[in-house]
Amino acid sequence: LSILALPGCSLLEPEKMPPKPANPTGVSGKHDPQAEQLFAKAHVLWKGETCTDPEKALEYLDEALKIEPDYPQALIRRGLALSQLGYADDAFDDLTKATRLEPSAEAYLSRGICLLQQGNTAGARKDLEEALRRDPIDVRNNNALGLWYIRKGRFCKAEQYLRTAVKTLQKRNPNPYDCEPIYNLGLALKY
């Protein structure tokens, strides 16, 4: 009696892996679960770069930050909501703290946008360039820096950043939902 064994084949049943634990709340485990849930409630109030209800977002984010004061993403979103409501100094403080806690492209981009809204163009450029250095193909980073150059009247310089933003934006969808970089590129090309 001879038995033929093929590689990868076995008469034994494969060892079953234990099931992954369920995560019905969707929290990452990096932060306090209750703080993450409050952050998620605030996060869904954003449509693109704009918060549809900044006052409600602030309620959720204030509660999340009471639970976990060093939660960078919550600080970023609260800073953006505060900026949208006109509380520029408080927004800048939150965004600076977030940048120190977790120096990410998103943190620098958000603080750069806040500085731009305050009229601090030198500080804004520095932060927008740092965001772009950290993530050179991000649509938002390229669009923001392109817009900065448009505001300075440097349309040729703006064009290169906006073309990168549009190229990245259209990589997945030739007819994207967010058309701001396309509009800004049109402005740069017009002048």
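**Entry 1: model and overall make-up**

I take helices to be DSSP runs of H or I with at least four residues, numbered from the N terminus. With that convention, I place T99 in helix α4, which covers residues 88-101. I note at the outset that the model is predicted.

I then listed the secondary structure of the protein and found nine helices and two strands. Read from the N terminus, I have the order of elements as α-β-β-α-α-α-α-α-α-α-α. I recorded 191 residues in the protein, of which 40% are buried. For contacts between residues at least 6 apart in sequence, I noted that 45% join residues at least 24 apart.

**Entry 2: T99**

I asked whether T99 is buried or exposed. Its relative accessibility is 5%, and T99 therefore counts as buried, the limit being under 20%. I next looked up the polar partner of the T99 side chain and found the backbone oxygen of L95 at 2.7 Å. Leaving aside residues up to four places away in sequence, I found that T99 touches A107, Y108 and R111.

**Entry 3: α4 against α5**

I turned to the packing of α4 on helix α5, residues 105-118. I recorded an angle of about 160° and axes 9 Å apart. Because angles over 145 degrees count as roughly antiparallel, I class α4 and α5 as roughly antiparallel to each other. I noted the crossing of α4 and α5 as left-handed. On the α4 side, I listed A88, D89, A91, F92, L95, T96, A98 and T99 as making the contact. On the α5 side, I listed A107, Y108, S110, R111, C114, L115 and Q118. I remark that L95 and T99, paired in the previous entry, both appear in this contact.

**Entry 4: α6 against α7**

I repeated the look-up for helix α6, residues 121-134, and helix α7, residues 139-151. I found an angle of about 150° between α6 and α7, with their axes 9 Å apart. I therefore class α6 as roughly antiparallel to α7. I recorded the crossing of α6 and α7 as left-handed. From α6, I noted T121, A124, R125, L128, E129, A131 and L132, which meet N141, N142, A144, L145, W148 and Y149 of α7.

**Entry 5: cysteines**

How many disulfides does the structure hold? I found zero. I also checked the accessibility of C114 and C179. C114 is buried, with a relative accessible area of 2%, and I had already listed C114 on the α5 side of the contact with α4. C179 is partly exposed, with a relative accessible area of 37%.

Terms used. Residues are numbered from 1 along each chain as its sequence is written. This is a predicted model: local features need pLDDT of at least 70, side-chain atom pairs count only at pLDDT 80 or more; totals for chains, interfaces and linings use all residues. Side-chain values use heavy atoms; hydrogens and water are left out. A disulfide is a pair of cysteine sulfur atoms within 2.5 Å. Buried means under 20% relative accessible area, exposed over 50%, partly exposed in between (1.4 Å probe, protein chains only). A polar contact is a pair of N or O atoms within 3.5 Å; within protein, one must be able to donate a hydrogen and the other to accept it, and residues adjacent in sequence count only if both atoms are side-chain atoms. Contact means heavy atoms within 4.5 Å. Axes are lines fitted to C-alpha atoms, for helices over the stretch in contact, and angles run from 0 to 180 degrees between N-to-C directions. Angles under 35 degrees count as roughly parallel, over 145 as roughly antiparallel, 65 to 115 as roughly perpendicular and the rest as oblique. A crossing is left-handed if the near helix is turned anticlockwise from the far one by less than a right angle, and right-handed if clockwise.
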